[in-house]
There are 2 protein chains.
Amino acid sequence: MSTTGSSPLKRAVLERLARYYMCLRDTGPWPDAEFVSSAQIAGHLDMNATQVRKDLALIGVRGRPHVGFSRGEMLAAIRSAVGLNGERRAVVVGAGRLGGAIAEYSGFREYGLRIVAFFDSDAGKVGSTMAGCQVHAVADIPRVVRETSADLAILTCPAEAAQPCANALVAAGIRAIWNFAPAAIAVPPAVAVRNEHISLGLAELLYHLRR
Amino acid sequence: MSTTGSSPLKRAVLERLARYYMCLRDTGPWPDAEFVSSAQIAGHLDMNATQVRKDLALIGVRGRPHVGFSRGEMLAAIRSAVGLNGERRAVVVGAGRLGGAIAEYSGFREYGLRIVAFFDSDAGKVGSTMAGCQVHAVADIPRVVRETSADLAILTCPAEAAQPCANALVAAGIRAIWNFAPAAIAVPPAVAVRNEHISLGLAELLYHLRR
């Protein structure tokens, strides 16, 4: 069920696996089902059942004819393939509303993500606590990242602070940056970056209203 | 340049058009360019240049050989096709950190989105103001939606409140719902829903950290 050694999973596949994971959990539409069919998953997610079967085959899960896929097996395989087992520590840069909202979002705990520290350039916020974590000065990024063993950073700072903060985080050893700042950032190839553009969703809704 | 009468643009196309729009604006990498090539756009967005040309052709924009695409023409065509011209009024359900962060996100103003009211079930918040707007009781959804002529709603409430709130919003005349609540909602076919699953991005980063 491991994907070690095989070719890396593409971004689109990872996103679909995360969608399957969300609807297969006990909080999903089939909390008591032992087996779920690819058609059920596809119907729930407005997708194609063949795509679902292909994605599951990629991580080594195969269904039983006329029975479907074992829900427990799918959950375990996705956890293992994506890396949701174990705990990851993350720091949040920007102790504003968005940083706080992200830190408080309960869904991340299920992914093993634990927020361990905040950073803010506002001296008035440094020393306070947010979502149970201390807010540090941006200048303390090297020390705090080292002390907390964080390997993921969530950027919620203003656009102009995004690149300097990313540089400091990478120098401190951060290996993945989740960027909610409204500016693209450049990092070395070994560091993963995901730029979240919340406004993309807005375009779809405005298009619908226009028609 | 209008798409009226043609087949509707698919979600993936709308998302890509929104990405082109973001990088073509004056805040993008070519603020002074009169012409930008599909290869430049594709390079900046880590995409394929043929895809860029196909998407632009869909909304009636064609480039000039050896010159590229007029930046002004692309911006105008995307604004017109997606419906970014004019103002849309939105209400936000949930006057918490996420609702506040969304209301304060400056990027939306550029899309013509104006937040006009908040709703919250917490009586202690009702009557206060958030991001310059009044916080109303959830029971006042029908009256406030009518009075503000809002046609878009942003859901940032807890999972269990999402469906009852969606029902009230749809009954009040809301035609598009942007759902940030961690629960899927069911609405009539004429109402557009976009479920934002922020955790999908997390899966990609955790996968990178795992390897």
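**Close-up views of a two-chain predicted model**

In this predicted model, 100% of the interface residues of chain B are also interface residues in chain A, so the two copies meet through the same surface. The legends below start from that shared surface and then move to single side chains.

**Figure 1. The contact between chain B and chain A.** Welcome to the interface, to which chain B brings 57 residues and chain A brings 57 residues. About 5500 Å² of area is buried between chain B and chain A, and carbon and sulfur atoms give 66% of that area. Polar links are here too: the count between the two chains is 18 residue pairs in polar contact. On the side of chain B that touches chain A, the elements giving two or more residues are helices H1 (11-24), H4 (71-82), H5 (97-104) and H8 (199-210), along with strands E8 (176-179) and E9 (192-195). Which element gives the largest share of this side of chain B? That is H8(B), with 12 residues. By residue class, this side of chain B divides into 33 nonpolar, 11 polar and 13 charged residues.

**Figure 2. The axis that relates the copies.** A turn of 180 degrees with a shift of 0.0 Å along the axis lays chain B on chain A, with an RMSD of 0.0 Å. This is the relation of a two-fold axis. If you look for the C-alpha of chain B nearest the axis, you will find B:Arg97, 2.6 Å from it. The side chain of B:Arg97 also takes part in a salt bridge with that of A:Glu104, at 2.7 Å from N to O.

**Figure 3. A salt bridge across the interface, and its network.** Between chain B and chain A the count is 6 salt bridges. One salt bridge to look at joins B:Glu204 and A:Arg194, whose closest N and O atoms are 2.7 Å apart. This pair crosses between chains, with B:Glu204 in helix H8 of chain B and A:Arg194 in strand E9 (residues 192-195) of chain A. Are these two residues buried or exposed? Both B:Glu204 and A:Arg194 are buried. The view can be widened to a network in which salt bridges with shared partners join A:Arg11, A:Glu15, A:Arg194, A:Glu196 and B:Glu204.

**Figure 4. Salt bridges within a chain.** Over all chains, the count comes to 28 salt bridges. In chain A, the side chains of A:Arg16 and A:Asp55 meet in a salt bridge at 2.6 Å, N to O. A:Arg16 lies in helix H1 (residues 11-24) of chain A and A:Asp55 in helix H3 (residues 49-58), so this pair ties together parts that are 39 residues apart in sequence. A:Asp55 has 2% relative accessibility and therefore counts as buried. A second example comes from chain B, where the side chains of B:Glu87 and B:Arg89 form a salt bridge at 3.4 Å, N to O. Here B:Glu87 is partly exposed, with a relative accessible area of 45%, and B:Arg89 is partly exposed as well, with 31%.

**Figure 5. The surroundings of A:Asn179.** A:Asn179 sits in strand E8 (residues 176-179) of chain A and is buried, with a relative accessible area of 0%. What does its side chain meet? A polar atom of the A:Asn179 side chain lies 2.8 Å from the backbone oxygen of A:Ala183. Leaving aside neighbours within four places in sequence, A:Asn179 is in contact with A:Leu155, A:Ala184, A:Ile185, A:Arg194, A:Asn195 and A:Glu196. Two of these contacts will be familiar from Figure 3, where A:Arg194 and A:Glu196 belong to the salt-bridge network.

**Figure 6. The surroundings of B:Thr156.** Our next stop is a loop of chain B, between strand E7 (152-155) and helix H7 (159-171), where B:Thr156 is found. With 15% relative accessibility, B:Thr156 counts as buried. The side chain of B:Thr156 reaches the backbone oxygen of B:Gly94 at 2.9 Å. Not counting residues up to four places away in sequence, B:Thr156 touches B:Val92, B:Val93, B:Gly94, B:Leu98, B:Gly99, B:Ile102 and B:Phe180.

**Figure 7. Chain A as the setting for the close-ups.** The secondary structure of chain A comes to 8 helices and 9 strands, and its C-alpha trace spans about 60 × 45 × 35 Å along the principal axes. Of the 211 residues in chain A, 48% are buried. Among contacts in chain A between residues at least 6 apart in sequence, 56% join residues at least 24 apart.

How values were computed: Residues numbered from 1 in each chain as written. Chains lettered and ligands numbered in written order. Predicted model: local features only at pLDDT ≥ 70, side-chain atom pairs only at ≥ 80, totals over all residues. Heavy atoms only, no water. Contact = heavy atoms within 4.5 Å. Buried area = accessible area lost by both parts, 1.4 Å probe. Salt bridge = Lys/Arg side-chain N within 4 Å of Asp/Glu carboxyl O. Polar contact = N/O pair within 3.5 Å; in protein donor to acceptor, adjacent residues only side chain to side chain. Helix = DSSP H or I, 4+ residues; strand = E, 2+ residues; numbered from the N terminus. Nonpolar A, V, L, I, M, F, W, Y, C, P; charged D, E, K, R; others polar. Buried < 20%, exposed > 50% of the residue type's maximum accessible area, 1.4 Å probe, protein only. Least-squares fit on C-alpha atoms with pLDDT ≥ 70 in both.
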